[in-house]
Structure formats: structure tokens, C-alpha cells
Amino acid sequence: MNQTVSRVLWILAGVLLIIAGVICLINPGAAWTTLSLYLGISMLLSGVIDIVIFARGNRYMAGAGWFLLDGILTVLLSLFLLFHQAFTMLTLPLIFGMWLLYSGASKFVNSFELRRLGVPGWGWFTALGILLAVVGFFSFWDPVSQLFALSFLVGILLIFQGVSSILRACFAHRFWRL
């Protein structure tokens, strides 16, 4: 897979995540009733895109193993969200927090691998990883009151995840080894 296809796929994933985030912000009432569906579909597409990019370019990308791991865990969690929606609505703050915590930690760790390989722009992934992990950690505090703010929180964080995917596209030329 060449850089252009990878960039297009990451931008597509980012745009879809941002759209899902904006929907959650604009219509929180509808988002509450269909939140697990929005989140599940967005996460599924994002995870599949990470796996496809790994499969097609793992020999040419720095830190490709982290993309694969993030993609697999994102797909597994998205399938759980899609097929267990009643249970998911009860535990959504905890599930979402776990996903953000893991995703942030993997981006943080990946940024140091990119730094070790001399990839410029690695600091953006460090900052985004820390931000996602901190927000994921805070989502575990008082999950009952968080249910009321969940639509807003999910909207903002989906937008962050979308921005992260678009940043991957912007810095994709720095990941590829020749």
C-alpha cells in the first residue's frame, strides 16, 4: 500500500469519527439513545482502517505494530458495542474510558518509538496520547453523573480521535521507511 492510499484511509477514518462526534454534540438526546451504535460503527471503521494499513504497509512503516494492536482492540471493542447494546448502555462510561485509556497509552508509547527512529512530529502523538489517556482515566470517576454528560464527552473525544487519525495522514510521509 502506498502513502497516498494510507493517507486517504486515515483521513476517511478521521472524518467519520469527527462526524460521529459532531452528531453527538448537536443532538445529545438522540445521541443518548443511539450512542452505542454511533460509537460502535465509528470505532469499527477506525479499527479496520488501522488493520488494513498495517497489513499493506507494515514493512515500510515505523511503529506499525502499534497501529495493528490499536486496530485489533478497537475492532473487538466496537463489535462488543454493536452486539450488546442493552448492556453497553449501562456500562458505556466504563467501556469508553477503557478504550480511551488504551488508545491514549498506545499513541503515547508509539510516539517514543517514532522519536527513537528520528521521525519529526512525534511530539504531537505524545501530547494526544497523554490527553486521551487522561480523559479516559477521568471517565472512571463518578460514572453515574457522567451518564448525563456522556453525549457531550463522547462527541468531543470522537473528534479528538478523528483529529488523531487525520494527524496520522498528515505525518504519514514521516512514518514510511524507504
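## Nonpolar cores

In this predicted model, the largest nonpolar core comprises 24 residues, and those with the most contacts inside it are Leu39, Phe96, Trp99, Leu100, Val154 and Leu158. At least two residues of this core are supplied by each of helix 1 (3–26), helix 2 (28–57), helix 3, helix 4 (85–116), helix 5 (122–138) and helix 6 (143–170). Helix 4 provides the largest share, six residues.

A second core, separate from the one above, contains eight residues. Ala13, Ile49, Ile53 and Ala172 are among them.

## Overall architecture

The chain contains seven helices and zero strands, and its pattern along the sequence is α-α-α-α-α-α-α. Of the contacts in the chain with a separation of 6 or more, 81% join residues 24 or more positions apart.

Of the 178 residues in the chain, 46% are buried. The accessible surface amounts to about 8400 Å², and carbon and sulfur atoms account for 76% of that area.

## Helix 3 and a nonpolar surface patch

Helix 3 covers residues 64–83, 20 residues in total. Its end C-alpha atoms lie 29 Å apart, which agrees with the 28 Å span expected at 1.5 Å a residue. The buried residues of helix 3 are Ala64, Phe67, Asp70, Gly71, Thr74, Val75, Leu77, Ser78, Leu81 and Leu82; the list includes the charged residue type Asp at position 70.

Leu76 is also located in helix 3. Together with Leu69, Ile72, Leu73, Leu79 and Phe83, Leu76 makes a nonpolar surface patch of about 540 Å².

Definitions and conventions: Residues are numbered from 1 along each chain as its sequence is written. This is a predicted model: local features need pLDDT of at least 70, side-chain atom pairs count only at pLDDT 80 or more; totals for chains, interfaces and linings use all residues. Side-chain values use heavy atoms; hydrogens and water are left out. Helices (H or I, at least four residues) and strands (E, at least two) are DSSP runs, numbered from the N terminus. Buried means under 20% relative accessible area, exposed over 50%, partly exposed in between (1.4 Å probe, protein chains only). Contact means heavy atoms within 4.5 Å. Accessible areas come from the Shrake-Rupley method with a 1.4 Å probe; for residues, only the protein chains shown count as cover. The expected span of a helix is 1.5 Å times one less than its number of residues. Patches are made of residues with over 30% relative accessible area and no salt bridge: like charges are joined within 9 Å, nonpolar side chains (Val, Leu, Ile, Met, Phe, Trp, Tyr) within 5 Å. A salt bridge is a side-chain nitrogen of Lys or Arg within 4 Å of a carboxyl oxygen of Asp or Glu. A nonpolar core is a set of buried Ala, Val, Leu, Ile, Met, Phe, Trp, Tyr and Cys residues joined through side-chain atoms within 4.5 Å.
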